[in-house]
Amino acid sequence: MTFKNSQNKPNIVFILSDDQGAWAMGCAGNTEIKTPNLDRLATNGIRFENFFCTSPVCSPARASMLTGRIPSQHGVHDWIREGNTKDNPIEYLENQLTYVDLLAKSNYTCGISGKWHLGNSTLPQKGFTHWYVHESGGGPYYNAPMIRNGERIIEPEYITDAITNDALQFIDKNSKSDQPFYLSVHYTAPHSPWVGHHPQEYLDLYSDCTFDSCPIEENHPWMIKNPPGYQHSREKNLQGYYAAVSAMDMNIGRILDKLEQLGLSENTLVCFFGDNGMNMGHHGIWGKGNGTFPQNMYDTSVKVPAILSQPGRIPLGKVNDSLLSGYDFMPTILEYVGIENPISNELPGKSFNYIIEDKEIEERESVVVFDEYGPVRMIRSKEWKYVHRYPYGPHELYDLVNDPDEKNNLIDVPQLNDIVSKMRERLDEWFFQFVDPAIDGAREPVFGNGQILLAGIKSKGKKSYATWDE
């Protein structure tokens, strides 16, 4: 492979969607949603069917992908509600090493276009020198508040297009450099709002859609009041959600086309992930982990889209069903580009580079994945899922072989007590190994309505999380 930079390393384009369920792609089997460019990316790479976020809400999941740490190590336990703006800046990942820091130290030029949502959006951080980010985390798709060159601007353009335009400019600028580049393209799509915020051309794609790919179920008994975005009919909300996905997909196609036009496709690793899953009626929920209170850990909340592609290096058109998590990404990307991780012994994740490059290495035995959202924790194998809520429950157990849609909670079945005990033991041991006691999520009163201050003892006795009446 011939590299177009003196470092002999691939460029990286990391694309991240916001609130996209793993089910919301054509290549994942959804016959209604139109995602030709994500399907194209999957055809030219590998798609992972069982990739999980570390927490089913945006900011903790994003922090985990960047740092390789779980929320109880990095301290972001809910979406960042306060500390994003220059009026009250909080750098939630201060003193946390990220893979972007290590890329930058290895001579990568690093840029981000889109959603940051990890505090102090006015300050370029974590190895990024190009910094065009949303001031908070989301909101209107037109006239979005953005940060460029440290200053707040109002972006009049449809924000999905604007993020892509900035990304394309970054690629053009760095395409002939002797240094490799890393670019994060973090869309706010398909996060709400869904009705009245998307171009008609994308809405028209679904004017006659029956949305059979989303179930119609009675409201979950724990569903929160007035879920964000759900203000109109089921059909209008789904039309807007699907339109947001298709608009993002078209813009991803623009990025792929640009790489091809510049002759960079074979020298660029393209990664596509979702930050967390999404229920659009699934389980009677509109939202993700905080669509209910107490928070939920359904697969539709914790399973995310995951595709990687680099023609000539990654096999084409593969689908892999290994259980993988967001905390596995940092060790994987660093191994892929040949950069040593100085804190690898502190992190819970393992590289899955051997899967990406189709190497003949025996798969890890008894692989499970773990999730947390404040005091709610999950351990999942291919056969079973156990959800534990500190300190009093309620707890859940699902037989994923016979009940893949997680309809029947078996926690009170006496014959399964041994399975519950073993999974609880393994969950406790794993978290005990990796949590920082100073910011342990099991002790955090997280409501799902946003984090307003640093976690644990770093809050210095002040309140860290917003309640539902705020």
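Trainee: Let's start with Asp275. Why is Asp275 called buried?

Mentor: Asp275 has a relative accessible area of 2%, and buried means under 20%, so Asp275 is buried. Bear in mind that we're looking at a predicted model.

Trainee: What makes Arg62 and Asp275 a salt bridge?

Mentor: The N to O distance between their side chains is 3.1 Å. The cut-off is within 4 Å, so the pair counts as a salt bridge. Arg62 has a relative accessible area of 4%, so Arg62 is buried too.

Trainee: Where do Arg62 and Asp275 sit along the chain?

Mentor: In distant parts of the chain: Arg62 is in helix α2, Asp275 is in the loop between β9 and β10 (279-280), and the two are 213 residues apart. By the same distance rule, the count comes to 24 salt bridges.

Trainee: How do you know that Asp299 and Lys385 belong on that list?

Mentor: Their side chains come to 2.8 Å, N to O, and that is within 4 Å, so they meet in a salt bridge. Asp299 lies in helix α8 (residues 299-302) and Lys385 in strand β18, so this pair ties together parts that are 86 residues apart in sequence.

Trainee: Is Lys385 buried or exposed?

Mentor: Buried: its relative accessibility is 0%, against a limit of under 20%. Asp299, with a relative accessible area of 11%, falls under that limit as well, so Asp299 is buried. Both residues also take part in a network of salt bridges that links Asp299, Lys303, Arg380, Lys385 and Glu406.

Trainee: And what makes Asp418 partly exposed?

Mentor: Asp418 has a relative accessible area of 46%. Buried would need under 20% and exposed over 50%, so Asp418 lands in between. Lys422 is at 54%, which is over 50%, so Lys422 counts as exposed. Asp418 and Lys422 form a salt bridge, with the closest N and O atoms 3.3 Å apart. Being 4 residues apart in helix α11, they are separated by about one helical turn.

Trainee: On to the helices. Why are α5 and α7 called roughly parallel?

Mentor: Helix α5 (residues 159-174) and helix α7 (residues 234-261) pack at an angle of about 10°, and their axes are 10 Å apart. Angles under 35 degrees count as roughly parallel, so that's what these two are. On the α5 side, the contact residues include Leu168 and Ile171; in α7 they include Met250, Ile255 and Leu259. The residues of this contact divide into 7 nonpolar, 4 polar and 4 charged.

Trainee: What makes α1 oblique to α7?

Mentor: Helix α1 (residues 36-43) packs against α7 at about 45°, with the axes 7 Å apart. That angle is not under 35 degrees and not in the range 65 to 115, so α1 is oblique to α7. Pro36, Asn37, Leu38, Arg40 and Leu41 of α1 make the contact with α7 residues, among them Met250, Ile252 and Leu256. Here the residues divide into 6 nonpolar, 2 polar and 4 charged.

Trainee: How do you know that helix α9 is mostly covered?

Mentor: Helix α9 (residues 329-337) has 8 of its 9 residues buried. Among them are Phe329, Met330, Ile333, Leu334 and Tyr336. The buried residues pack against β1 (11-17), α2 (58-67), α4 (99-105), β9 (268-274), β15 (324-325) and α10 (353-356). Just after α9, Gly338 takes a positive phi of about 75°.

Trainee: What makes β16 and β19 the edge strands?

Mentor: The sheet is open and runs β16-β17-β18-β19, with antiparallel pairing. Strands β16 (369-373) and β19 (396-399) each pair on one side only, and that's what puts them at the edges. Neighbouring strands are turned by 10° against each other on average, direction ignored.

Trainee: How do you know that β17 and β18 pair?

Mentor: The requirement is at least two bridges. Strand β17 (residues 376-380) and strand β18 (residues 384-389) have 5, so they pair, in the antiparallel sense. One of the partnerships joins Met378 to Val387 in β18.

Trainee: Which helix lies across β16, β17, β18 and β19?

Mentor: Helix α11 (residues 417-434), running at about 65° to β18.

Conventions
Residues are numbered from 1 along each chain as its sequence is written. This is a predicted model: local features need pLDDT of at least 70, side-chain atom pairs count only at pLDDT 80 or more; totals for chains, interfaces and linings use all residues. Side-chain values use heavy atoms; hydrogens and water are left out. Axes are lines fitted to C-alpha atoms, for helices over the stretch in contact, and angles run from 0 to 180 degrees between N-to-C directions. Angles under 35 degrees count as roughly parallel, over 145 as roughly antiparallel, 65 to 115 as roughly perpendicular and the rest as oblique. Contact means heavy atoms within 4.5 Å. Ala, Val, Leu, Ile, Met, Phe, Trp, Tyr, Cys and Pro count as nonpolar, Asp, Glu, Lys and Arg as charged, and the others, Gly among them, as polar. Buried means under 20% relative accessible area, exposed over 50%, partly exposed in between (1.4 Å probe, protein chains only).
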